[in-house]
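Student: Can we go through this one together? I'd like to start with how the helices pack.
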Amino acid sequence: MNSSSMQAVFVPQYGDAAVLDLRSVAKPHPQEGEVLVRIAYAAVIPLDWKIRNGWLEEVFPVSFPYIPGFYASGIIESVGDSVSGLQRGDRVFGDIRDSYAQYATTPAESLVKLPDSIPLEQAAAIKAGADSAWKALFTEGNLQSGQTVLVHAAAGGVGQVAVQLAKWKGATVIATASEDNIEFVKSLGADRIINYRSEDFGQLVQDVDLVVDTVGGDTEQRSWGVLRKGGILVSLVGDPDEQQAAAHDVTAKFNTAFPTRDDLLQIVDLIADGTLKIETGRLYPLTEASEAQRFSESRRGRGRILLDPQM
């Protein structure tokens with residue numbers, strides 16, 4: 001492969017993970033206001049395979065073939081005209097579309113410069129988990145010190161950060177996790193951990209102020225009854241059941257708000273000073289992107305799954 005080409009994963013049609021196709025293509029060039037990023041780590045998130053399956057065709061229409069990926073970290077390779085504040089060699093993370101590739105272009109304004117103290121591997125999970133946790137807890141959930149929050153799937157890419165941020169805020173944290181992850185979630189600071197495979201949180205929890213739901217389905221349905229009147233359920237998987245919310249006299253929100261740049265900088269500061277720790281999950285090369293998405297679809301494991309395009 002010469003310096004003007006790169007490896008990238010393409011989705012040529014809707015289907016299961018087997019449709020992912022690794023190709024050699026021309027390296028993109030940054031346009032005005034854009035930078036070219038050498039991708040260090042690309043986040044593999046559920047949205048990637050939901051789009052690939054065709055489940056979100058009306059919400060996220062695509063033109064085939066396309067390169068998947070929304071969030072990544074990397075090093076700036078070159079900058080386009082009218083870009084200020086960023087230069088070649090800067091370590092960055094943020095919204096980087098088409099990130100299942102060795103290089104990608106993105107608007108400079110969509111990136112955040114990264115302190116040298118934060119590994120690029122952890123940084124790739126900020127926009128793929130930490131910011132979702134922040135907006136679920138604070139932007140949508142309005143969590144305050146002294147309140148109680150129930151975090152579902154607390155060992156996951158969003159859940160593990162939600163536990164730590166809620167403790168930082170001064171809240172009491174109840175978490176659900178599998179038996180294999182109980183000790184890990186305990187290390188994050190959770191006050192109480194419920195093994196969702198052997199215990200029914202619906203029978204054990206009551207009067208919580210906020211539920212952060214990264215699971216949906218039956219988990220959502222059993223969560224209504226654990227909230228106090230006037231409490232909030234924030235779903236990260238879809239529009240929650242408004243009828244159930246009304247019946248239980250609580251507020252239901254789909255986590256659609258966006259954190260501000262100041263929020264992201266606060267998260268970076270918390271990681272840099274050691275308050276917030278991000279554990280990433282399995283790491284795959286581009287050649288195993290299909291397997292990475294299959295593992296994501298299995299909803300097992302701990303932390304955010306990443307691709308390393310340089311492997």
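Student: How are α3 and α4 set against each other: parallel, antiparallel, perpendicular or oblique?

Tutor: They are oblique to each other. Angles under 35 degrees count as roughly parallel, over 145 as roughly antiparallel, 65 to 115 as roughly perpendicular and the rest as oblique. The axes of α3 and α4 cross at roughly 45 degrees and come within 9 Å. Axes are lines fitted to C-alpha atoms, for helices over the stretch in contact, and angles run from 0 to 180 degrees between N-to-C directions.

Student: What should I know about the model before going on?

Tutor: This is a predicted model, where local features need pLDDT of at least 70, side-chain atom pairs count only at pLDDT 80 or more, and totals for chains, interfaces and linings use all residues. Residues are numbered from 1 along each chain as its sequence is written, and side-chain values use heavy atoms, with hydrogens and water left out.

Student: And the handedness of the α3 and α4 crossing: left or right?

Tutor: Right-handed. A crossing is left-handed if the near helix is turned anticlockwise from the far one by less than a right angle, and right-handed if clockwise. On the α3 side, the contact uses Ala130, Ala133, Trp134, Leu137 and Phe138. α4 brings Val161, Ala162, Leu165, Ala166, Trp168 and Lys169. Contact means heavy atoms within 4.5 Å.

Student: Where are the limits of α4, and how many of its residues are buried?

Tutor: α4 covers residues 159-169, and 8 of its 11 residues are buried. Buried means under 20% relative accessible area, exposed over 50%, and partly exposed in between, with a 1.4 Å probe and protein chains only. Among the buried ones are Gly159, Val161, Leu165 and Ala166. Helices (H or I, at least four residues) and strands (E, at least two) are DSSP runs, numbered from the N terminus.

Student: What do those buried residues pack against?

Tutor: α3, β8, β9, α5 and α9. Just after α4 comes Gly170, with a positive phi of about 100 degrees.

Student: At what angle do α3 and α9 pack?

Tutor: About 110 degrees, with the axes 10 Å apart. That makes α3 roughly perpendicular to α9. The crossing is right-handed. Residues of α3 in this contact include Ile126, Asp131 and Trp134. In α9, Leu264, Ile267 and Ile271 are among those they meet.

Student: Asp131 caught my eye. Buried or exposed?

Tutor: Asp131 counts as buried, at 3% relative accessibility. Leaving aside neighbours within four places in sequence, Asp131 is in contact with Ile126, Pro259, Leu264 and Ile267. Asp131 is also linked with Asp95 and Lys127 in a network of salt bridges.

Student: How many salt bridges are there in the whole structure?

Tutor: A search finds 12. A salt bridge is a side-chain nitrogen of Lys or Arg within 4 Å of a carboxyl oxygen of Asp or Glu. One of them joins Glu297 and Arg52, at 3.0 Å from N to O. This pair links distant parts of the chain: Glu297 is in helix α10, Arg52 is in helix α1, and they are 245 residues apart.

Student: How covered are Glu297 and Arg52?

Tutor: Glu297 is partly exposed at 30% relative accessibility. Arg52 is buried, at 0%.

Student: What about Lys186 and Glu183? Where do they lie?

Tutor: Both are in helix α5, 3 residues apart, about one turn of the helix. Their side chains meet in a salt bridge, 3.4 Å from N to O. Lys186 is partly exposed at 46%, whereas Glu183 is exposed at 54%.

Student: Switching to strands. What is the order in the open sheet of 6 strands?

Tutor: The order is β10-β9-β8-β11-β12-β13, with parallel pairing. β10 and β13 are the edge strands, each pairing on one side only. On average, neighbouring strands are turned by 15 degrees against each other, direction ignored.

Student: How many bridges do β11 and β12 share?

Tutor: They pair over 5 bridges, in the parallel sense. Two strands pair if DSSP finds at least two bridges between them. Leu233 in β12 is the bridge partner of Val211.

Student: Which strands does α3 lie across?

Tutor: β8, β11, β12 and β13. α3 runs at about 150 degrees to β11.
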